[in-house]
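Please read the following report alongside the sequence and the 3D view. Short headings divide it by topic.

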Amino acid sequence: MQNIIAIQDEMIRSEDYESGKRIYAEKLALAIESYLLSATIQITGTSNQGPFTGTGKIE
């Protein structure tokens, strides 16, 4: 959350609105990608062999 707030603050201070929008979009995309890649996924379910669980990481 703090990274997004910092990006917004940086955009507000930008003197060129058009280039600021592009920089904001690029930095926001990188922040979202970083957030998603930091996630751990837990999987639970059943199959014909019984229940299963597991964890995974997005790469």
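## Salt bridges within helix 2

Glutamate 18 and lysine 21 form a salt bridge through their side chains, with an N to O distance of 3.2 Å. The model is a predicted one. Because glutamate 18 and lysine 21 are three residues apart in helix 2, about one helical turn separates them. Lysine 21 has a relative accessibility of 34% and therefore counts as partly exposed.

Another salt bridge joins the side chains of arginine 22 and glutamate 26, at 3.3 Å from N to O. Both residues belong to helix 2, where arginine 22 and glutamate 26 are four residues apart, or about one turn of the helix. Arginine 22 is exposed, at 59% relative accessibility, whereas glutamate 26 has a relative accessible area of 41% and is partly exposed. The cut-off behind these two labels is 50%: exposed means over that value.

## A salt bridge between helices

The structure contains three salt bridges. One of them pairs the side chains of glutamate 10 and lysine 27, with 2.8 Å from N to O. This pair connects distant parts of the chain, since glutamate 10 sits in helix 1 (residues 2–13) and lysine 27 in helix 2, 17 residues apart.

Is each partner buried or partly exposed? Glutamate 10 is partly exposed, at a relative accessible area of 34%. Lysine 27 is partly exposed too, with a value of 32%.

Aspartate 9 is also a residue of helix 1. Its relative accessibility of 35% makes aspartate 9 partly exposed. From aspartate 9 to tyrosine 24 the C-alpha to C-alpha distance is 9.9 Å, while the two are 15 residues apart in sequence.

## The largest pocket

How much space lies in the largest pocket? The volume is about 160 Å³. Its lining is made up of Met1, Gln2, Asn3, Ile4, Ala31, Ile32, Ser34 and Tyr35. Helix 1 and helix 2 are the elements that contribute two or more residues to this lining. Helix 2 supplies the largest share, with four residues.

## The loop after helix 2

Serine 38 is located in the loop that runs between helix 2 (17–37) and strand 1 (40–47). With 52% relative accessibility, serine 38 counts as exposed, because the label applies to values over 50%.

A polar atom of the serine 38 side chain lies 2.7 Å from the backbone oxygen of tyrosine 35. Tyrosine 35 is also among the residues that line the largest pocket. Computed along the sequence is not the same as across space, as another pair shows: serine 38 and glycine 20 are 18 residues apart in sequence and 27 Å apart in space, C-alpha to C-alpha.

## A nonpolar surface patch

Which residues make the nonpolar patch on the surface? The patch consists of Leu37, Ile41, Ile43, Phe52 and Ile58, and covers about 380 Å². Among these residues, isoleucine 43 belongs to strand 1. Isoleucine 43 is partly exposed, with a relative accessible area of 44%. Patch membership calls for over 30% relative accessible area, so isoleucine 43 meets that cut-off.

Definitions and conventions: Residues numbered from 1 in each chain as written. Predicted model: local features only at pLDDT ≥ 70, side-chain atom pairs only at ≥ 80, totals over all residues. Heavy atoms only, no water. Buried < 20%, exposed > 50% of the residue type's maximum accessible area, 1.4 Å probe, protein only. Polar contact = N/O pair within 3.5 Å; in protein donor to acceptor, adjacent residues only side chain to side chain. Patch = residues over 30% accessible without salt bridge, like charges linked within 9 Å, V, L, I, M, F, W, Y side chains within 5 Å. Areas by Shrake-Rupley, 256 points an atom, 1.4 Å probe, with all protein chains shown as cover. Salt bridge = Lys/Arg side-chain N within 4 Å of Asp/Glu carboxyl O. 1 Å grid on protein atoms, 1.4 Å probe; cavity = no way out; pocket = protein on both sides within 12 Å on 5 of 7 lines; lining within 4 Å. Points joined across faces, edges and corners; volume = space filled by probe spheres on them.
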